[in-house]
Amino acid sequence: MRKTLALIAVIGLSLPVFAQRDKDIPAFGTVEKADLQLKECDFDKDAEAMVLFDAAEAYCDNMGSIELVRHIRIKIFKDKGLKTADIHIPYHSYRNDENIKGLTAQTYNLDAAGNIITTKVEKKLIYEKPIDKRFSEQVFTFPEAKAGSIIEYKYTHTNIGLTNWYFQKSIPVKYSRYRADFPEEVEFVSTPMCVLPVQQKSENKSRRNIKVLTMSNIPALRDEPYITCEDDYLQRIETRLIAVNPPGAPRRSFVRTWPQIIRGLMEDEDFGIQLKREIPRTVDLDEALKKQTDPYQKMVTIHNYVRKNMEWNGYGNIWALNGVKSAWKDKKGTNGEINLILVNLLKDAGLKASPLLVSTRSNGRVNTGVAHWQQFNKVLAYVTIGENNYILDATEKYTPSHLIPYEVMYSEGLVIEKIDTWEWGWRVLWDEKPHFKKTVVVRADVDEQGLMKGETSVTAYDYSRVTCMPILKKGKDKFIEEYFTSTGSGIKIDSLRIENEDIDSLPLIQNASFSQPVNSSGDYKYFSVNLFTGLEKNPFVADNRFSDVFFGTNQNYQVVANITIPETYEFEALPKSIRMIMPDTSISITRRINAEKNTLAVRISLEFKKPFYTAEEYPDFKEFYKQLFALLNEQYAIRKKAKS
């Protein structure tokens with residue numbers, strides 16, 4: 001089926017951008033000294049680099065073939081901006097259906113006398129690098145690139161499908177232009193997904209529809225915390241082919257339905273046909289299954305067996321490109337191969353299992369109104385037992401069978417089954433019961449020299465455990481650095497003991513002995529009880545935000561602290577017991593404080609009942625977070641008793 005869909009993409013999945021014909025785009029190699037003398041971006045003073053212009057021109061001929069010419073020029077301001085000089089141009093290389101041609105690139109610098117020095121990227125320094133069986137990329141690095149340089153490159157992408165155009169990037173863009181030139185016979189729609197102003201011009205000339213879209217002074221979309229996928233929020237144009245209506249021939253629609261996509265997938269050699277392959281059963285798996293009569297335990301046994309015995313090769317796609325039998329034999333494969341093996345084995349054991357197409361958090365949201373398999377980057381197993389549904393990923397080693405994989409939690413997936421069974425369709429991947437939950441218990445003494453010493457027990461449940469495990473597998477030193485000492489507050493871990501490391505159905509318990517100097521000023525000492533929660537620093541301090549805030553799950557934090565101070569000290573005016581609630585009641589925090597003689601008892605409960613906040617909600621969310629972290633990090637003061 002991919003052959004058919006690839007043809008559709010070639011004929012229609014591309015919004016063309018054509019010949020640069022205006023004063024805003026200088027000719028390749030024509031560089032102004034003033035641009036080389038620029039010290040900063042005038043609308044983003046902190047930028048490490050800036051795109052001076054990014055122009056794409058696509059031309060679609062009457063046969064539906066699309067050629068895209070792209071021309072990019074970047075000014076580097078700081079050493080941090082040198083990463084923009086490492087270029088990767090991906091393309092679909094399967095059966096040579098796409099190519100990158102005419103690539104030329106140059107670096108420009110000023111010498112001591114103020115002359116412009118040009119350094120070409122030699123062809124021998126441009127490498128062809130396979131990504132997987134279907135995709136490759138051209139890779140190169142600009143020579144002589146440094147702070148102050150301008151880099152420029154231009155290339156032609158042949159037989160490209162209809163693609164989205166992104167005005168915005170991780171660095172500011174001075175000017176971006178997208179020009180599409182299509183014959184009248186080709187019907188397409190271009191939808192701006194922008195909150196910033198887009199200039200649009202359209203004309204019909206010589207039986208061709210020409211559309212030009214431009215945007216100027218585009219701020220960078222920097223690493224905003226708790227973002228799903230940058231592509232979901234970048235200022236962009238989304239383009240979709242509707243039909244081809246050639247003179248004297250029937251109109252050919254390219255609008256597909258999900259049933260059509262599913263039928264094609266079920267008949268595809270690299271997908272649906274693989275579910276019919278007979279995978280040789282292993283003796284140890286057979287023996288393990290003989291002991292199980294409960295369907296849930298059968299599912300867990302097969303899931304754990306495939307997780308343990310199959311190694312993911314790092315390629316994330318929905319296809320079994322080399323076949324499930326070959327991957328099973330090699331005990332290594334793509335995401336598609338491993339999880340189609342899982343579905344195959346589950347079905348063979350008599351369980352109701354189907355492939356589930358998903359788009360992971362890093363791949364972005366699926367538009368369920370546009371039917372196309374290319375929106376998905378992973379296939380999982382969808383299992384129904386009684387009234388319960390389970391989503392399994394055998395390439396992910398730390399998520400137990402009862403949890404939805406974290407990278408697809410709070411999203412939608414498409415179950416692939418025969419259309420006439422009516423078992424296919426969209427499923428909401430969400431379960432409000434499991435949380436990202438962490439409980440921290442601290443018992444410590446503060447001595448007269450200002451050193452806090454004690455014990456802590458940190459218990460990570462559900463998704464908190466899942467996120468901990470990959471770090472723990474790197475070793476205790478890395479784990480201590482990540483979860484105990486990374487705050488820079490002088491904490492020292494003297495010992496760490498882990499419980500339930502190999503039992504993924506139980507919480508991960510971390511018992512540690514620690515010491516930490518407290519702050520001192522004269523007769524006063526200060527300390528916080530917000531220790532080992534991972535909530536020491538407020539991530540939401542930016543005034544503006546393009547993206548939604550995406551936690552992915554509900555959250556729950558509990559802190560219990562018992563702190564003993566020296567007999568010679570007493571508590572100063574302590575913070576008050578308090579309860580604070582977000583206006584929409586989705587976040588609440590309760591703090592209870594009790595001090596008797598030289599012992600302080602604090603209990604903090606923080607609960608998130610919502611996994612997602614829109615960019616429109618951000619101002620109120622940011623203000624609440626400011627107050628939340630002020631409360632969490634509030635200092636407890638003690639002072640030396642006056643001599644009687």
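**Exercise 1. Locate Asn530 and describe its surroundings.**

Solution. Start with the fold. Asn530 sits in the loop between strand E28 (524-527) and strand E29 (549-550). Helices (H or I, at least four residues) and strands (E, at least two) are DSSP runs, numbered from the N terminus. The model is predicted: local features need pLDDT of at least 70, side-chain atom pairs count only at pLDDT 80 or more, and totals for chains, interfaces and linings use all residues. Residues are numbered from 1 along each chain as its sequence is written, and side-chain values use heavy atoms, with hydrogens and water left out.

Next, exposure. Asn530 counts as buried because its relative accessibility is 6%. The cut-offs are under 20% relative accessible area for buried, over 50% for exposed, and partly exposed in between (1.4 Å probe, protein chains only).

Then the neighbours. Leaving out residues up to four places away in sequence, Asn530 touches Leu535, Glu536, Leu632 and Asn633. Contact means heavy atoms within 4.5 Å.

Last, the polar partners. The side chains of Asn530 and Asn633 form a polar contact of 2.9 Å. A polar atom of the Asn530 side chain also lies 3.2 Å from the backbone oxygen of Leu535. A polar contact is a pair of N or O atoms within 3.5 Å; within protein, one must be able to donate a hydrogen and the other to accept it, and residues adjacent in sequence count only if both atoms are side-chain atoms.

**Exercise 2. Is Asn159 buried, partly exposed or exposed? Place it in the chain.**

Solution. Asn159 is in the loop between strand E8 (150-158) and strand E9 (165-166). Its relative accessibility is 28%, so Asn159 counts as partly exposed. Now take its side chain: a polar atom there lies 3.2 Å from the backbone oxygen of Asp97. Finally, compare chain and space. Asn159 and Cys60 are 99 residues apart along the chain, while their C-alpha atoms are separated by 9.4 Å.

**Exercise 3. Which elements cover the buried residues of H8?**

Solution. Count first. Helix H8 (residues 462-472) has 11 residues, and eight of them are buried. Among them are Tyr463, Arg465, Cys468 and Leu472. Cys468 counts as buried because its relative accessibility is 2%. The cover includes strands E23 (436-446), E24 (451-461), E25 (492-499) and E26 (508-517), along with helix H9 (476-483).

Add His435, in the loop between strand E22 (425-429) and E23. At 17% relative accessibility, His435 counts as buried. Its contacts, not counting residues up to four places away in sequence, include Tyr463 and Ser464. Thr553 and Asn556 are also among the residues that His435 touches.

**Exercise 4. How many disulfides does the model hold?**

Solution. Apply the rule: a disulfide is a pair of cysteine sulfur atoms within 2.5 Å. The count is zero. Check Cys229: the nearest cysteine sulfur, that of Cys194, is 16 Å away. Cys229 has 7% relative accessibility, so it counts as buried.

**Exercise 5. Summarise the protein chain.**

Solution. Secondary structure: 10 helices and 36 strands. Extent: the C-alpha atoms fill a box of roughly 105 × 80 × 45 Å, taken along the principal axes. Burial: 51% of the 644 residues count as buried. Contacts: of those with a separation of 6 or more, 72% join residues 24 or more positions apart.
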